[in-house]
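The following exercises, each with a worked solution, guide the reader through one structure. Please study the sequence and the model before reading the solutions.

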Amino acid sequence: MPSPHRFARVVALLAGALVLSGCFAAAPGGGAENRLGVALSFQPVANLSPYSDDALLLTKLGTTETLTVLDADGMPRPGLAESWEQTDPRTLRLNLRPGVTFHDGTPLTAENAAASINHVTTATTPPRAIKGVQLTARAAGERTLEITTAEPDPILPQRLTAPQLAILAPSAYADPAAPNPVRAGTGPYALDSVQGTSGATLSANPGYWGGPPKTAGIDARFIADGASRANALRAGEVDVVDTVPVSQLPTVSGNEVLDVPLPRLVGAHLNTRSAVFADPATRAAARQAIDPVAIAQGVYAGQADPARGLFGPASPWAGEAPRPATAPGAARGTIRIATYDERPELPEIASVVAENLRAAGFQVSDVVAQEYSTIESDLLSGSYDVVIGARNYSVDTGDPISYLSSDWTCDGAYNLSRLCDPAIDAAVDAARSAPIEERERAAVRIAEQVIGTDAVVPIAHERTRIGVAPGVRGVAQDGFDHRLITAETALGA
């Protein structure tokens, strides 16, 4: 028997009584009994290709899985691999779970897993988690997989948790350059179809190795606008919203809001290669002008922590970074500021930062806020002087050195500040070979070096707020933001 919440959703859909901001239509199957409606805040940028950041959408919807997963402390735990051992400094031997099948019926074997890993390593743009790491995989038995690296790698089990390293069926690689995840995963839900950037339809995988899922399927929507996501939850159009904006919290009363601390930094990235911020003293002037405490208390209404450095309260091993030594110079020059609007706080922060900088004497000619998929290339290429961004610093692997490498080195794939400091590169290179217990201490020292350049003004450390309709249970509260829907996620009776 449908729950009252489910009945309300059906009535609303049939009557057409609700018109949401953005005018999106109901997802196929939306409103069907025992199907879960999910709204995610980021739209696919590559048709849900696992070689892109879309891989995170796949793991959050419970369709793809990795060999290992991160626990709450960032340590690797069994995923598709039930155990592993380091047989020599360069070789990791993993034992795969028995009885696992892909959504197309193909059994998971070491040969299939090795092929999937090897496809990833030869991608045109390898995932951040394995950037600079040469690895190969081979079957050493029906369920025994060996992964060998060119150099000893102390965090290989953590690297294997990256969503982009999900294990897919051989059928996914008809086009090796663009793997197709439709019915190719191993998770509790099979991806049946993708509706461009608007939504996706998934069905339950009754043969899931972790036990049958609690719902018949998922109707997913990708809704960039935060108010529209909150409206969808309030109206019963969806059951789970992965990010409820702070400004929308009063509008979703009656629904549960799960507050999850995140290792995520919101910062103002100053383009160190722009005409204005190439000068360290000018960057120091911008740093002095921006007030993180006021932004955390104002824009976030106290629902975020003022930044104390690159690493925040979600990482108890990180202390407060010392204040940079560079003395502020004169504020001068005309600047452009950009951000993305999937996180509605970011455009607000961009406006506040613009006013802070104008008050300090900078000329702000433009404040741009667009969907991330349309502005990403411009952000990374240095088209703007200031970028307001939110970044999970345990990105992909739970390893802070990987984040420092991708975001703060000369060749970093996500270097929004376009920082290139040989001393930082050398420190990161030295830390790559450090054992796990030493990496966090090294990360704190390197973070102090980054902060000392004034390439970024840390503003806030975020928490995520997951909106959950009455009666829905089993939603994952994952501080690393890899998982959301699991086999245990269920609708109320």
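The mean pLDDT of the protein, where pLDDT is the predictor's confidence in each residue from 0 to 100, is 90, and 93% of the residues reach 70 or more. In residues 1-31 the pLDDT is below 50, although this stretch has 53 contacts (heavy atoms within 4.5 Å) in the model beyond near neighbours in sequence. Where pLDDT is low, the predicted coordinates should not be read in detail.

The model is predicted, with local features requiring pLDDT of at least 70 and side-chain atom pairs pLDDT 80 or more, while totals for chains, interfaces and linings use all residues. Residues are numbered from 1 along each chain as its sequence is written, and side-chain values use heavy atoms, leaving out hydrogens and water.

**Exercise 1. Describe the largest nonpolar core.**

Step 1. A nonpolar core is a set of buried Ala, Val, Leu, Ile, Met, Phe, Trp, Tyr and Cys residues joined through side-chain atoms within 4.5 Å; buried means under 20% relative accessible area, with a 1.4 Å probe and protein chains only.

Step 2. The largest nonpolar core holds 40 residues, and those touching the most other members are Ile337, Ile349, Val353, Leu357, Leu379, Val386 and Ile388.

Step 3. Helices (H or I, at least four residues) and strands (E, at least two) are DSSP runs numbered from the N terminus. Among the elements giving two or more residues to this core are helix H8 (345-360), strand E14 (334-340) and strand E17 (456-468). H8 supplies the largest share, six residues.

Step 4. Beyond neighbours within four places in sequence, the contacts of Leu357 include Ala286, Ile337, Phe362 and Val386.

**Exercise 2. Is Gly389 buried or exposed?**

Step 1. Gly389 belongs to strand E16.

Step 2. Gly389 counts as buried because its relative accessibility is 3%.

Step 3. Setting aside neighbours within four places in sequence, Gly389 is in contact with Leu265, Val266, Gly267, His269, Tyr340 and Leu346.

Step 4. A distance of 9.6 Å separates the C-alpha atoms of Gly389 and Leu379, which are 10 residues apart along the chain.

**Exercise 3. How many residues of helix H10 are buried, and against which elements do they pack?**

Step 1. In H10 (residues 400-408), nine of the nine residues are buried. Among them are Pro400, Tyr403, Asp407 and Trp408.

Step 2. These buried residues pack against helix H4 (156-159), E12, E16, helix H11 (422-432), H12 and E17.

**Exercise 4. Characterise the largest pocket and the largest cavity.**

Step 1. On a 1 Å grid over the protein atoms alone, a cavity is a set of points where a 1.4 Å probe fits but cannot get out, and a pocket is an open set with protein on both sides within 12 Å along at least five of seven lines; lining residues have an atom within 4 Å of a point. Grid points are joined across faces, edges and corners, and a volume is the space filled by probe spheres set on the points.

Step 2. The largest pocket contains about 1,100 Å³ of space. Its lining comprises 44 residues, with Ser52, Asp53, Arg128, Gln164 and Arg391 nearest the centre.

Step 3. The lining of the largest pocket has 20 nonpolar (Ala, Val, Leu, Ile, Met, Phe, Trp, Tyr, Cys and Pro), 12 charged (Asp, Glu, Lys and Arg) and 12 polar residues (the others, Gly among them).

Step 4. There are four cavities of 30 Å³ or more, and the largest cavity has a volume of about 60 Å³. Residues lining the largest cavity include Gly309, Phe311, Glu320 and Val444.

Note on methods:
Buried < 20%, exposed > 50% of the residue type's maximum accessible area, 1.4 Å probe, protein only.
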